[in-house]
Structures are given as C-alpha cells and as structure tokens.
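Thanks for coming, everyone. Please take a look at the model on the screen, and then I'll walk you through it.

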Amino acid sequence: MAMGASASDVKALLQVSSEDGALVDELERRAAAARRALQAAAEPSPSFFEGFALQGIRVDSIHPGRILCSFTVPTRLTAGGNHLAAGAVVALVDEIGSAAAVADGQHLKVSVDMSVSFVDLAAAAPGDTLRISARALGHKGAYSGTHVLVANAATGKVVAEGRHSLFGKMKIRSNI
C-alpha cells in the first residue's frame with residue numbers, strides 16, 4: 001500500500017463501476033458462446049464431413065463480432081496432394097463465418113447464401129499454416145452477414161475470401 005493511502009482509498013481506487021462490469025460480463029458471455037460453438041464444431045460431429053474437414057482448427061482470439069483462427073493444412077483435405085481443396089475452403093468459410101455471428105451475440109443460424117473467391121489455392125500447401133479471420137458485417141432482423149479471409153500465415157498470400165449470409169429465429173412447424 002502506498003504511504004499515506006488508507007485501505008478505503010485503495011478500495012475506492014480499485015472499484016469497478018457497474019457499467020464497466022456489465023460491459024466486461026457481456027464480452028465474456030459472447031466469447032463463451034463463440035467458444036462453445038467452435039468447440040462443438042471441433043468435437044465429434046453428427047456429420048462425418050464436418051468432423052473430417054474441421055478437425056485441427058485452433059481459435060487464436062475472439063472479440064465481439066470477430067474471430068481469428070489458425071489451421072494447418074492436412075493432406076486429407078488437399079486436391080491431388082498439392083493444395084487445399086476448394087470444398088475444404090468452403091467448409092472453413094461456412095463454420096468460421098457462423099462463429100463470427102455467434103461471437104457478435106447472435107443465435108446459431110443456418111446458411112442461406114455463400115460466395116467464395118478462390119484467390120490462390122496453391123498458397124495453401126499441405127503443412128502450411130493458414131490464418132482465418134472472420135467478422136460480422138451486420139445483422140438485420142433474423143439475417144446476418146459475415147466476411148471470412150483465409151490467408152497463408154507465413155507468406156500473407158490470400159488463399160480465399162468469402163461472404164456468408166445466415167438466417168435464424170426460424171419457426172418449426174410440425175404436421176404431427
């Protein structure tokens with residue numbers, strides 16, 4: 001304790017306002033939701049394809065509406081053993097784009113449209129580490145849009161870029 005400072009002075013100095021505390025709590029809630037969504041994608045999935053394509057994704061950072069991941073290209077996801085297959089890139093854009101919407105506090109949604117530009121698939125050879133960054137572009141009602149950039153972590157070369165539209169809050173009808 002500083003000379004001349006009382007315990008109550010120190011306590012007042014370290015006091016967090018309720019507004020700041022609420023902001024930190026909300027950030028933690030969103031990050032936890034995004035972690036759960038990505039963990040569910042990394043755990044054995046009911047879909048063989050998801051488990052096959054997404055195994056090995058590492059979450060490097062999560063912020064509201066943004067997520068940064070890394071992924072080492074496995075030979076099982078290459079086209080002819082030379083570079084990452086286009087279908088694997090689409091799976092990454094789909095899952096990481098969805099995670100960006102969840103990181104922005106949105107509920108899980110389904111994909112309704114995806115556009116992927118394959119800039120340089122040769123920049124993703126087996127063993128290369130990719131940096132995958134995604135951000136939520138915005139939300140309008142039940143619709144959300146995300147942007148995903150896949151780049152070689154060592155060279156910075158862009159492998160692919162995708163835009164992803166999602167829809168949620170669907171009503172389920174049953175004829176039973």
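**Strands, hairpins and a surface patch**

Let me start at a turn. Strand 6 and strand 7 form a hairpin with 2 residues between the strands, and there G141 takes a positive phi near 65°. Keep in mind that this is a predicted model.

What do the two strands of that hairpin do? Strand 6 and strand 7 pair antiparallel, over 10 bridges. To pick out one position, I132 has V150 in strand 7 as its bridge partner.

Now step back to the whole chain. There are 176 residues, and 34% of them are buried. The secondary structure amounts to 4 helices and 8 strands. In sequence order, the pattern reads α-α-α-β-β-β-β-α-β-β-β-β. So much for the order; now the contacts. Take contacts between residues at least 6 apart in sequence: 64% of them join residues at least 24 apart. The chain has an accessible surface of about 10,500 Å², and carbon and sulfur atoms account for 56% of that.

Back to the strands. Strand 6 covers residues 129–140, and strand 2 covers residues 66–72. These two run antiparallel and are joined by 7 bridges. Here R66 stands opposite R135 of strand 6. Strand 6 therefore has strand 2 as a partner, by the rule that two strands pair if there are at least two bridges between them. Strand 7 is a partner of strand 6 as well, as we saw at the hairpin.

Stay on strand 2 for a moment. C69 sits in this strand. Is C69 buried or exposed? C69 is buried, at 0% relative accessibility. V59 is 10 residues from C69 in sequence, and the C-alpha atoms of the two are 4.4 Å apart in space.

Next, strand 7 and what lies on its other pairing. Strand 7 runs from residue 143 to 152, and Y143 belongs to it. Strand 7 and strand 8 run antiparallel, with 9 bridges joining them. S144 has L166 in strand 8 as its bridge partner. These strands also make a hairpin, with 5 residues between the strands. In that hairpin, G156 takes a positive phi near 80°.

Strand 8 has another pairing to show you. Strand 5 and strand 8 pair in the antiparallel sense, over 8 bridges. V116 stands opposite G162 in strand 8.

On to the rings. How many aromatic pairs does the count give? The count comes to 1 aromatic pair. Y143 and F167 form it, and the pair is tilted. The ring centres are 4.8 Å apart, with 55° between the planes. Why tilted? Because planes under 30 degrees apart count as stacked and those over 60 as edge-to-face, and the rest are tilted. F167 is in strand 8, residues 158–167, and Y143 is in strand 7, so the pair ties together parts that are 24 residues apart in sequence.

How open are these rings to the outside? Y143 is partly exposed, with 48% relative accessible area. F167 is also partly exposed, at 23%.

Y143 turns up again on the surface. Together with V110 and V112, Y143 makes a nonpolar surface patch of about 270 Å². Membership needs over 30% relative accessible area. Y143 has 48%, so it clears that cut-off. V110 counts as partly exposed, at 37% relative accessibility, so V110 clears it too.

Where does V110 sit? V110 lies in strand 5, which covers residues 110–118. V110 and Y143 are 33 residues apart in sequence. In space, their C-alpha atoms are 9.7 Å apart.

One loop before I finish. D104 is in the loop between helix 4, residues 86–103, and strand 5. Which residues does D104 touch? Leaving out residues up to four places away in sequence, D104 touches R30, P64, G65, A136 and H139. S144 is 40 residues from D104 along the chain, and their C-alpha atoms are separated by 10.0 Å.

To close, keep Y143 in view. Y143 is in strand 7, it pairs with F167, and it helps make the patch with V110 and V112. That's my tour; I'm happy to take questions.

Conventions
Residues are numbered from 1 along each chain as its sequence is written. This is a predicted model: local features need pLDDT of at least 70, side-chain atom pairs count only at pLDDT 80 or more; totals for chains, interfaces and linings use all residues. Side-chain values use heavy atoms; hydrogens and water are left out. Patches are made of residues with over 30% relative accessible area and no salt bridge: like charges are joined within 9 Å, nonpolar side chains (Val, Leu, Ile, Met, Phe, Trp, Tyr) within 5 Å. Accessible areas come from the Shrake-Rupley method with a 1.4 Å probe; for residues, only the protein chains shown count as cover. A salt bridge is a side-chain nitrogen of Lys or Arg within 4 Å of a carboxyl oxygen of Asp or Glu. Buried means under 20% relative accessible area, exposed over 50%, partly exposed in between (1.4 Å probe, protein chains only). Contact means heavy atoms within 4.5 Å. Rings of Phe, Tyr and Trp (its six-membered ring) pair if their centres lie within 6.5 Å; planes under 30 degrees apart count as stacked, over 60 as edge-to-face and the rest as tilted.
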